[in-house]
Amino acid sequence: MPKHFLMCRPEHFAVEYAINPWMDPAAGADRDVAIRQWEGLKAAYEELGHRVSLIDPVDGLPDMVFAANGALVVDRRVYGARFAFPQRGPEGPAYLRWFAERGFDVMEPEHVNEGEGDFLTLDEVVLAGTGFRTDVAAHLEAQEFVNRPVVSLKLVDPRFYHLDTALFPLDGRNVCYYPGAFSEGSQALLRRMFPDAVLAGARDAEVLGLNAVSDGTHVVINAEASDLQLELKRHGYEPIPVDLSELRKAGGGPKCCTLEIRGEE
Ligand code: ARG
(Lines give C-alpha, C1' and ligand atoms only; values in the text may rest on other atoms or scores of the structure.)
Protein backbone atom coordinates (compact mmCIF):
# COMPACT_ATOMS: atom_id res chain seq x y z
CA MET A 1 0.00 0.00 0.00
CA PRO A 2 1.59 3.28 -1.10
CA LYS A 3 1.73 5.95 1.56
CA HIS A 4 1.40 9.70 1.30
CA PHE A 5 3.99 11.82 3.09
CA LEU A 6 4.37 15.53 3.70
CA MET A 7 7.95 16.85 3.73
CA CYS A 8 9.64 20.25 4.00
CA ARG A 9 12.87 20.99 2.09
CA PRO A 10 15.56 22.15 4.58
CA GLU A 11 16.19 25.46 2.77
CA HIS A 12 16.47 27.34 6.06
CA PHE A 13 17.95 24.49 8.09
CA ALA A 14 20.49 25.46 10.77
CA VAL A 15 21.49 24.56 14.30
CA GLU A 16 21.27 27.96 15.96
CA TYR A 17 19.64 27.11 19.29
CA ALA A 18 19.74 24.01 21.50
CA ILE A 19 16.42 22.47 22.58
CA ASN A 20 17.63 18.85 22.76
CA PRO A 21 20.97 17.23 23.69
CA TRP A 22 21.92 16.59 20.03
CA MET A 23 22.04 20.29 19.15
CA ASP A 24 25.27 22.28 19.47
CA PRO A 25 24.95 25.79 17.97
CA ALA A 26 28.74 26.28 18.27
CA ALA A 27 29.31 23.29 15.97
CA GLY A 28 26.48 24.28 13.59
CA ALA A 29 25.52 22.23 10.53
CA ASP A 30 26.06 22.38 6.77
CA ARG A 31 22.81 23.32 5.03
CA ASP A 32 23.88 22.18 1.55
CA VAL A 33 24.80 18.75 2.87
CA ALA A 34 21.48 18.60 4.74
CA ILE A 35 19.56 19.44 1.56
CA ARG A 36 21.40 16.76 -0.41
CA GLN A 37 20.73 14.14 2.26
CA TRP A 38 17.07 15.17 2.49
CA GLU A 39 16.76 14.83 -1.32
CA GLY A 40 18.09 11.28 -0.90
CA LEU A 41 15.37 10.50 1.62
CA LYS A 42 12.64 11.91 -0.64
CA ALA A 43 14.00 9.90 -3.59
CA ALA A 44 14.02 6.73 -1.45
CA TYR A 45 10.30 7.16 -0.68
CA GLU A 46 9.47 7.82 -4.33
CA GLU A 47 11.45 4.78 -5.50
CA LEU A 48 9.38 2.68 -3.09
CA GLY A 49 6.24 4.03 -4.77
CA HIS A 50 5.15 6.40 -2.02
CA ARG A 51 3.80 9.86 -2.75
CA VAL A 52 5.52 12.93 -1.34
CA SER A 53 3.85 16.33 -1.01
CA LEU A 54 5.79 19.43 0.00
CA ILE A 55 5.10 22.34 2.31
CA ASP A 56 6.95 25.62 1.71
CA PRO A 57 9.79 26.15 4.18
CA VAL A 58 9.61 29.39 6.18
CA ASP A 59 12.63 31.64 6.68
CA GLY A 60 13.54 31.86 10.37
CA LEU A 61 12.23 28.37 11.20
CA PRO A 62 15.38 26.20 10.96
CA ASP A 63 13.66 23.07 12.38
CA MET A 64 10.67 23.17 10.01
CA VAL A 65 12.29 20.35 7.99
CA PHE A 66 11.09 18.05 10.79
CA ALA A 67 7.61 17.68 9.33
CA ALA A 68 6.65 14.88 11.69
CA ASN A 69 6.19 17.49 14.38
CA GLY A 70 3.72 19.52 12.30
CA ALA A 71 0.52 17.58 13.11
CA LEU A 72 -1.13 14.20 13.66
CA VAL A 73 -3.27 13.09 10.70
CA VAL A 74 -5.72 10.18 11.10
CA ASP A 75 -8.62 9.54 8.71
CA ARG A 76 -8.24 13.02 7.18
CA ARG A 77 -8.60 14.56 10.64
CA VAL A 78 -5.71 16.82 11.47
CA TYR A 79 -4.84 17.48 15.10
CA GLY A 80 -2.51 20.49 15.06
CA ALA A 81 0.79 20.87 16.89
CA ARG A 82 1.54 23.27 19.71
CA PHE A 83 5.28 23.37 20.31
CA ALA A 84 6.95 23.22 23.72
CA PHE A 85 9.67 25.74 22.76
CA PRO A 86 8.91 29.22 21.37
CA GLN A 87 11.61 28.86 18.70
CA ARG A 88 9.36 26.40 16.86
CA GLY A 89 6.00 27.99 17.78
CA PRO A 90 5.05 29.36 14.33
CA GLU A 91 5.45 25.92 12.70
CA GLY A 92 2.17 24.70 14.22
CA PRO A 93 -0.08 27.23 12.43
CA ALA A 94 1.97 26.92 9.21
CA TYR A 95 1.34 23.17 9.00
CA LEU A 96 -2.30 23.49 10.05
CA ARG A 97 -2.88 26.07 7.30
CA TRP A 98 -1.44 23.68 4.70
CA PHE A 99 -4.06 21.09 5.66
CA ALA A 100 -6.94 23.57 6.04
CA GLU A 101 -6.29 24.92 2.53
CA ARG A 102 -6.63 21.38 1.18
CA GLY A 103 -9.97 20.69 2.79
CA PHE A 104 -8.86 18.53 5.73
CA ASP A 105 -10.81 18.61 8.98
CA VAL A 106 -8.38 20.51 11.22
CA MET A 107 -8.29 21.12 14.96
CA GLU A 108 -6.27 23.77 16.74
CA PRO A 109 -4.94 22.16 19.92
CA GLU A 110 -5.23 23.60 23.38
CA HIS A 111 -2.43 21.49 24.86
CA VAL A 112 1.27 21.30 24.09
CA ASN A 113 2.02 18.50 21.62
CA GLU A 114 4.56 17.96 18.84
CA GLY A 115 2.49 16.01 16.34
CA GLU A 116 3.78 12.71 15.04
CA GLY A 117 6.99 13.27 16.95
CA ASP A 118 5.02 12.00 19.94
CA PHE A 119 1.95 10.33 18.36
CA LEU A 120 2.43 7.10 16.39
CA THR A 121 -0.64 5.56 14.77
CA LEU A 122 -1.33 1.82 14.57
CA ASP A 123 -4.52 0.17 13.25
CA GLU A 124 -6.45 0.16 16.51
CA VAL A 125 -4.53 2.51 18.75
CA VAL A 126 -2.35 5.60 18.82
CA LEU A 127 0.82 5.42 20.94
CA ALA A 128 1.69 8.74 22.56
CA GLY A 129 4.90 9.90 24.23
CA THR A 130 5.21 12.29 27.14
CA GLY A 131 7.97 13.41 29.48
CA PHE A 132 9.88 15.98 27.43
CA ARG A 133 7.65 17.72 24.90
CA THR A 134 4.04 16.58 24.58
CA ASP A 135 1.80 17.23 27.58
CA VAL A 136 -0.19 14.20 28.74
CA ALA A 137 -3.35 16.36 28.53
CA ALA A 138 -2.81 16.46 24.77
CA HIS A 139 -3.12 12.67 24.65
CA LEU A 140 -6.76 12.89 25.76
CA GLU A 141 -7.38 15.88 23.52
CA ALA A 142 -6.08 13.90 20.53
CA GLN A 143 -8.09 10.83 21.49
CA GLU A 144 -11.31 12.86 21.56
CA PHE A 145 -10.56 14.18 18.08
CA VAL A 146 -9.21 11.17 16.17
CA ASN A 147 -11.54 8.60 17.78
CA ARG A 148 -8.89 5.99 18.47
CA PRO A 149 -7.66 4.98 21.90
CA VAL A 150 -4.47 6.81 22.81
CA VAL A 151 -1.99 4.96 25.01
CA SER A 152 0.41 7.13 27.01
CA LEU A 153 4.08 6.13 27.23
CA LYS A 154 6.59 7.85 29.48
CA LEU A 155 9.99 8.82 28.03
CA VAL A 156 12.84 9.11 30.53
CA ASP A 157 16.09 9.70 28.57
CA PRO A 158 16.55 13.28 27.28
CA ARG A 159 18.38 12.03 24.16
CA PHE A 160 15.12 10.35 23.18
CA TYR A 161 12.87 13.33 23.76
CA HIS A 162 10.18 12.39 21.21
CA LEU A 163 8.46 9.00 21.00
CA ASP A 164 9.62 8.70 17.37
CA THR A 165 13.26 8.70 18.50
CA ALA A 166 12.65 5.50 20.52
CA LEU A 167 9.93 3.53 18.71
CA PHE A 168 8.50 3.02 15.24
CA PRO A 169 5.52 1.02 13.95
CA LEU A 170 6.58 -1.90 11.74
CA ASP A 171 3.02 -2.18 10.43
CA GLY A 172 -0.45 -1.55 11.86
CA ARG A 173 0.02 -4.09 14.67
CA ASN A 174 3.63 -4.39 15.70
CA VAL A 175 6.46 -2.06 16.67
CA CYS A 176 10.22 -1.83 17.04
CA TYR A 177 11.60 0.04 20.07
CA TYR A 178 14.51 0.75 22.39
CA PRO A 179 13.38 -0.19 25.91
CA GLY A 180 15.95 2.05 27.66
CA ALA A 181 14.12 5.19 26.52
CA PHE A 182 11.00 4.32 28.54
CA SER A 183 10.01 4.25 32.21
CA GLU A 184 9.74 0.84 33.92
CA GLY A 185 5.95 0.96 33.72
CA SER A 186 5.91 1.87 30.05
CA GLN A 187 8.42 -0.91 29.30
CA ALA A 188 6.09 -3.40 31.00
CA LEU A 189 3.13 -2.04 29.04
CA LEU A 190 5.04 -2.32 25.74
CA ARG A 191 6.05 -5.92 26.52
CA ARG A 192 2.41 -6.77 27.19
CA MET A 193 0.99 -4.98 24.15
CA PHE A 194 3.71 -6.13 21.74
CA PRO A 195 5.08 -9.53 22.77
CA ASP A 196 6.54 -9.96 19.25
CA ALA A 197 8.17 -6.53 19.01
CA VAL A 198 11.61 -6.11 17.47
CA LEU A 199 13.93 -4.73 20.17
CA ALA A 200 16.81 -2.36 19.48
CA GLY A 201 19.92 -1.83 21.58
CA ALA A 202 21.65 1.33 22.81
CA ARG A 203 24.08 1.49 19.88
CA ASP A 204 21.26 1.67 17.34
CA ALA A 205 19.27 4.13 19.44
CA GLU A 206 22.32 6.40 19.75
CA VAL A 207 22.45 6.92 15.97
CA LEU A 208 18.68 7.58 15.92
CA GLY A 209 18.08 4.17 14.34
CA LEU A 210 14.59 4.06 15.86
CA ASN A 211 13.64 7.19 13.93
CA ALA A 212 12.64 4.98 11.01
CA VAL A 213 9.70 4.71 8.60
CA SER A 214 8.26 1.29 7.74
CA ASP A 215 5.65 0.57 5.05
CA GLY A 216 5.20 -2.97 6.36
CA THR A 217 7.85 -4.36 4.00
CA HIS A 218 10.66 -1.79 3.70
CA VAL A 219 12.15 0.15 6.59
CA VAL A 220 13.79 3.47 5.72
CA ILE A 221 16.41 3.80 8.44
CA ASN A 222 19.61 5.68 9.31
CA ALA A 223 22.52 3.86 7.63
CA GLU A 224 24.60 3.80 10.84
CA ALA A 225 22.05 1.59 12.66
CA SER A 226 23.75 -1.60 11.43
CA ASP A 227 22.78 -4.08 14.17
CA LEU A 228 19.15 -3.06 13.91
CA GLN A 229 19.19 -3.50 10.13
CA LEU A 230 20.38 -7.08 10.59
CA GLU A 231 17.72 -7.70 13.21
CA LEU A 232 15.02 -6.29 10.89
CA LYS A 233 16.23 -8.56 8.08
CA ARG A 234 15.98 -11.53 10.42
CA HIS A 235 12.33 -10.57 10.96
CA GLY A 236 11.67 -10.43 7.22
CA TYR A 237 11.87 -6.67 6.63
CA GLU A 238 14.00 -4.99 3.99
CA PRO A 239 16.06 -2.11 5.41
CA ILE A 240 16.53 0.90 3.11
CA PRO A 241 19.52 2.74 4.61
CA VAL A 242 19.73 6.52 4.21
CA ASP A 243 22.38 9.01 5.33
CA LEU A 244 20.86 11.89 7.32
CA SER A 245 23.92 12.59 9.47
CA GLU A 246 23.70 16.36 8.97
CA LEU A 247 20.09 16.49 10.14
CA ARG A 248 21.02 14.38 13.16
CA LYS A 249 23.01 17.42 14.36
CA ALA A 250 19.59 18.92 15.11
CA GLY A 251 18.37 15.68 16.69
CA GLY A 252 16.40 14.42 13.69
CA GLY A 253 16.35 11.41 11.37
CA PRO A 254 14.21 9.98 8.54
CA LYS A 255 10.95 9.82 10.50
CA CYS A 256 11.36 13.36 11.86
CA CYS A 257 11.44 14.61 8.25
CA THR A 258 8.22 12.77 7.40
CA LEU A 259 4.57 13.44 8.28
CA GLU A 260 2.18 10.72 7.17
CA ILE A 261 -1.10 11.87 5.64
CA ARG A 262 -3.64 9.14 6.47
CA GLY A 263 -7.08 8.52 5.14
CA GLU A 264 -7.32 9.88 1.64
CA GLU A 265 -9.40 8.52 -1.22
N1 ARG B 1 15.56 20.16 16.59
C2 ARG B 1 14.25 19.57 16.60
C3 ARG B 1 13.65 19.67 18.00
O4 ARG B 1 14.37 19.51 18.94
C5 ARG B 1 14.31 18.17 16.14
C6 ARG B 1 12.95 17.55 15.97
C7 ARG B 1 13.01 16.13 15.58
N8 ARG B 1 11.73 15.63 15.26
C9 ARG B 1 11.22 14.47 15.66
N10 ARG B 1 10.05 14.10 15.16
N11 ARG B 1 11.79 13.73 16.56
O12 ARG B 1 12.49 19.93 18.16
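# Burial, pairing and packing in a predicted model

Reader: Why does V65 count as buried?

Author: V65 has 23 C-beta neighbours inside 10 Å. The label needs 20 or more. V65 therefore counts as buried. Bear in mind that this is a predicted model.

Reader: Where is V65 found, and which residues does V65 touch?

Author: V65 is in the loop between β2 (51–54) and β3. Leaving out residues up to four places away in sequence, V65 touches C8, P10, F13, W38, L247 and C257. A contact here means C-beta atoms within 7 Å. M7 is 58 residues from V65 along the chain, yet their C-alpha atoms are separated by 7.0 Å.

Reader: What makes G201 partly exposed?

Author: G201 has 15 C-beta neighbours inside 10 Å. Buried takes 20 or more, and exposed takes 12 or fewer. The count of 15 falls in between, so G201 is partly exposed. G201 lies in the loop between β11 (198–199) and α5 (202–205). The C-alpha atoms of G201 and L247 are 22 Å apart, with 46 residues separating the two along the chain.

Reader: How do you know that β3 and β4 pair?

Author: Pairing takes at least two bridges. Strand β3 (residues 71–74) and strand β4 (residues 77–80) have four, in the antiparallel sense. L72 stands opposite Y79 in β4. The two strands form a hairpin, with two residues between them.

Reader: What is notable about phi of D75, and why is D75 called partly exposed?

Author: Phi of D75 is near 50°, a positive value in a residue other than glycine. D75 sits in the loop between β3 and β4. D75 has 13 other C-beta atoms within 10 Å. Exposed would need 12 or fewer. D75 is therefore partly exposed.

Reader: Which burial label does L208 get, and why?

Author: L208 is buried, because 28 other C-beta atoms lie within 10 Å and the label takes 20 or more. Phi of L208 is positive too, about 60°, although L208 is not a glycine. L208 is found in the loop between α5 and β12.

Reader: What makes β12 and β14 edge strands?

Author: Three strands form an open sheet here, in the order β12-β13-β14, with mixed pairing. β12 (213–214) and β14 (238–242) each have a single partner strand, so one side of each is left without a neighbour in the sheet.

Reader: How do you know that β13 is joined to β14?

Author: Five bridges join strand β13 (residues 218–222) to β14. At least two are needed, so the strands pair. They run parallel. One bridge partner is explicit: N222 goes with V242 in β14.

Reader: Which strands are at the edges of the sheet β9-β10-β11?

Author: This open sheet has three strands, in that order, and mixed pairing. β9 (167–169) and β11 are the edge strands, as each pairs on one side only. β9 and strand β10 (residues 175–177) pair in the antiparallel sense, over three bridges. Two bridges would meet the cut-off. F168 stands opposite C176 in β10.

Reader: Which residues touch the most other members of the largest nonpolar core?

Author: They are A71, A166, L167 and L210, in a core of 76 residues. Membership takes a buried residue of a nonpolar type, joined through C-beta atoms within 7 Å. Setting aside neighbours within four places in sequence, L167 is in contact with L120, L127, V175, C176, Y177 and L210.

Reader: Which residues come nearest to the ligand?

Author: F66, A68, G117, H162 and C256 do, out of 16 residues around the ligand. By class, that shell has six nonpolar, seven polar and three charged residues. Gly counts as polar in this scheme.

Reader: How many helices and strands does the chain have, and why is the chain called as compact as a globular protein of that length?

Author: There are seven helices and 15 strands. The radius of gyration is 17 Å, and the globule rule gives 18 Å for 265 residues. The two values are close, so the chain is as compact as a globular protein of that length. The C-alpha trace spans about 45 × 40 × 35 Å along its principal axes. Buried residues make up 47% of the 265. Among contacts between residues at least 6 apart in sequence, 64% join residues at least 24 apart.

How values were computed
Residues numbered from 1 in each chain as written. Predicted model: local features only at pLDDT ≥ 70, side-chain atom pairs only at ≥ 80, totals over all residues. Contact = placed C-beta atoms within 7 Å. Rg over C-alpha atoms; globule rule 2.2 N^0.38 Å. Near = placed C-beta within 6 Å.
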